[in-house]
Amino acid sequence: MNLNHLQYFVKLAYLEHYTKAAKDLSITQPSLSHAISSLEEELGTKLFEKQGRNVSLTKYGKIFLKYVEKSLEYLQEGVDKTKALTCATSGLIDLGYIYTLEADFMPNMVRKFLDENKDKNFGFTFSSNNTKSIIEGLKNEKYDLGFCSKVENETSIDFIKVKQEELVIIVPKNHELSKYNEIDLIETISYNHIVFTKSSGLRQVIDNLFRQIGKKQNISYEVENDSSMAGLVAQGFGIAIMPNIPFLKYFDVDIIKLKSPAYTRNIYMAKLKNKYLPPAVEKFSKFVIKNCNVK
């Protein structure tokens with residue numbers, strides 16, 4: 001049973017005349033007759049019966065027509081949806097990005113892109129997560145593009161640097177460390193630390209900084225995202241090392257520059273290698289690269 005035969009069947013059911021239906025379909029009448037005979041043979045029943053020069057649906061033809069119409073309608077919806085998502089003037093872009101980008105970088109980048117493409121019909125889905133989950137999401141095609149830390153030995157993914165973040169130490173307002181503008185990491189050893197969970201790309205980075213000075217931080221709490229970390233610090237649960245991101249100004253914390261070992265965190269746009277990207281995704285990817293200009 002092929003798609004053309006089903007379309008021929010519907011046309012004949014509406015026109016109830018082989019010659020007229022064949023003409024509308026731009027096929028020969030024998031071709032139409034063969035298609036209907038093939039359907040009847042496969043179904044094991046007659047779909048049409050003669051009414052003078054015309055034909056009409058049998059009882060079973062009427063039942064079959066209802067399902068064929070629904071199937072063709074659903075299929076057309078799929079065709080229209082696929083075309084809309086992959087044409088040059090419209091499309092849906094699925095983004096996954098780490099938590100530090102959700103309040104500023106990602107909304108601003110998308111806003112600029114949409115403002116530059118007001119004549120297009122582009123849409124976005126937004127999902128913030130940790131680096132590990134974003135990489136998994138890229139591989140299972142949940143995301144078109146990911147914005148996260150670089151993961152070593154991921155040979156199937158291209159990482160393109162788009163942003164840098166400075167790591168700082170945050171402490172509650174009026175903390176005894178608040179008097180410093182900058183401090184060495186070793187000066188934080190005696191304090192309770194709030195840290196990222198091990199699924200975060202930053203956890204390994206920060207653990208490595210402590211290994212460089214031959215010390216371990218005194219971990220009191222583990223959190224998944226930056227806003228939770230800043231909130232806990234503001235309420236006096238400990239101090240933390242995290243990226244210096246814009247939303248920190250909304251929390252009751254003091255920000256102290258990490259003097260040594262200094263570290264600048266790189267953020268990358270990640271995408272699967274040798275993978276087809278629809279025009280909308282390709283256009284946004286190039287827009288990000290052009291507007292970030294990070295070396």
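1. A good place to start is the inside of the protein: the largest nonpolar core has 34 residues, and L95, F147 and F284 touch the most other members. A nonpolar core here is a set of buried Ala, Val, Leu, Ile, Met, Phe, Trp, Tyr and Cys residues joined through side-chain atoms within 4.5 Å. Buried stands for under 20% relative accessible area, exposed for over 50%, and partly exposed for what falls in between (1.4 Å probe, protein chains only).

2. Which elements each supply at least two residues of this core? They are β3 (90-97), α5 (105-116), β4 (121-128), α6 (131-139), β5 (145-148), β6, β12 (264-272) and α9 (279-292). The biggest share comes from α9, which gives six residues. Helices (H or I, at least four residues) and strands (E, at least two) are DSSP runs, numbered from the N terminus. Apart from this core lies another one, of 31 residues, including I170, L177, V223 and A230.

3. Before going on, a word on what you are looking at. This is a predicted model, in which local features need pLDDT of at least 70 and side-chain atom pairs count only at pLDDT 80 or more, while totals for chains, interfaces and linings use all residues. Residues are numbered from 1 along each chain as its sequence is written, and side-chain values use heavy atoms, with hydrogens and water left out.

4. Now for the charged side chains. Side chains of opposite charge can pair when their charged atoms come close. A salt bridge is counted when a side-chain nitrogen of Lys or Arg is within 4 Å of a carboxyl oxygen of Asp or Glu. How many salt bridges does the structure hold? There are 12 salt bridges.

5. Take K46 and E40, whose side chains meet in a salt bridge at 3.6 Å, N to O. Are the two partners buried or exposed? K46 counts as exposed, at 52% relative accessibility, whereas E40 is buried, with a relative accessible area of 11%.

6. K163 and E165 make another salt bridge, with 3.7 Å from N to O. K163 is partly exposed at 21% relative accessible area, while E165 is buried at 2%. This pair does not stand alone, as K163, E165 and R265 are linked in a network of salt bridges.

7. Have a look at K173 and D254 too: they form a salt bridge, with their closest N and O atoms 3.2 Å apart. K173 lies in the loop between β6 (157-172) and β7 (182-184) and D254 in strand β11 (residues 253-260), so this pair ties together parts that are 81 residues apart in sequence. K173 is partly exposed, with a relative accessible area of 44%, and D254 counts as buried at 17% relative accessibility.

8. The backbone deserves a check as well. Where is the cis peptide bond? The bond runs from S260 to P261, with omega near -5°, and P261 lies in the loop between β11 and β12.

9. Finally, turn to phi. E141 is a residue other than glycine with a positive phi, near 65°; E141 is found in the loop between α6 and β5 and is partly exposed, with a relative accessible area of 48%. N274 is not a glycine either, yet has a positive phi of about 50°. N274 is found in the loop between β12 and α9 and is exposed, at 85% relative accessible area.
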